[in-house]
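Got your viewer open? Let's take a short walk and pick things out one at a time.

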Amino acid sequence: MSVAIYPGSFDPLTCGHVSIIERGLRIFDKVIVGIAINIQKVPLLTLEERVALIQQSFPGDEVEVDSFEGLLVDYARRRNCTVLLRGLRAVSDFEYELQMANMNRKLDDTIETMFMMTEESHFYVSSRLVKEVARFGGKVEGLVPKHVEAKLNEKFGR
Ligand code: ADP
């Protein structure tokens, strides 16, 4: 069975993430969405909330939602997985992703990073921007799944 890990913070899941997972599933039998626990960042949503929102979008066995702390390559080894799936949006993603992919290759050259280009309708969608817009009452309809929109409204007291 071919498996890829799709790592990120998913705070919250956006339609951009959904698209990468769906397209990833055309190539891999299973995608493990690995929520990175970053102690330096204070997330808007708890880990449990983020897990639940992703599971709601992907209830089937072909998507597993998990979390990890520490190095991604160590997590991939623990999960016996050799492919990391990442999405690329604008040029601005490229430099960071290039650094990360090369650092991860240096740490473990048996693990390969695979990139998928964003769909043009999602190239400007990021969790950070979605949160900013939602915080100030802007409409995030179509940028995140419906249940994520509801969660954001709840968080920001609307
Ligand atoms: P964000 O950058 O939105 O805060 P994450 O850190 O959770 O999200 O990102 C996880 C992965 O998903 C990264 O590889 C990121 O480039 C990718 N990604 C995020 N948003 C999109 C999008 N709109 N289209 C394609 N890939 C995306």
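Start by selecting helix α2 (residues 47–57) and helix α6 (residues 146–155): their axes come within 10 Å and cross at roughly 155°, so the two are roughly antiparallel (over 145 degrees counts as that). Axes here are lines fitted to C-alpha atoms over the stretch in contact, with angles running from 0 to 180 degrees between N-to-C directions. Helices (H or I, at least four residues) and strands (E, at least two) are DSSP runs, numbered from the N terminus.

Now show the side chains where they touch: Glu-49, Leu-53, Gln-56 and Ser-57 on α2, and His-147, Val-148, Lys-151 and Lys-155 on α6 (contact means heavy atoms within 4.5 Å).

This is a predicted model, where local features need pLDDT of at least 70, side-chain atom pairs need 80 or more, and totals for chains, interfaces and linings use all residues. Residues are numbered from 1 along each chain as its sequence is written, and side-chain values use heavy atoms, leaving out hydrogens and water.

Next, click on the ligand. Which residues come nearest? Of the 18 around the ligand, they are Tyr-6, Gly-87, Arg-89, His-122 and Ser-127 (around means a heavy atom within 4 Å). A polar side-chain atom of Tyr-6 sits 2.6 Å from a ligand oxygen; for Arg-89 the distance is 2.8 Å, and for Arg-86 it is 3.1 Å.

Last stop: the loop between β1 (3–8) and α1 (15–24), home of Pro-12. The peptide bond from Asp-11 to Pro-12 is cis, with omega near 5°. In that loop you'll also find Phe-10, which has a positive phi of about 50° although it is not a glycine.

Notes
Angles under 35 degrees count as roughly parallel, over 145 as roughly antiparallel, 65 to 115 as roughly perpendicular and the rest as oblique. A polar contact is a pair of N or O atoms within 3.5 Å; within protein, one must be able to donate a hydrogen and the other to accept it, and residues adjacent in sequence count only if both atoms are side-chain atoms.
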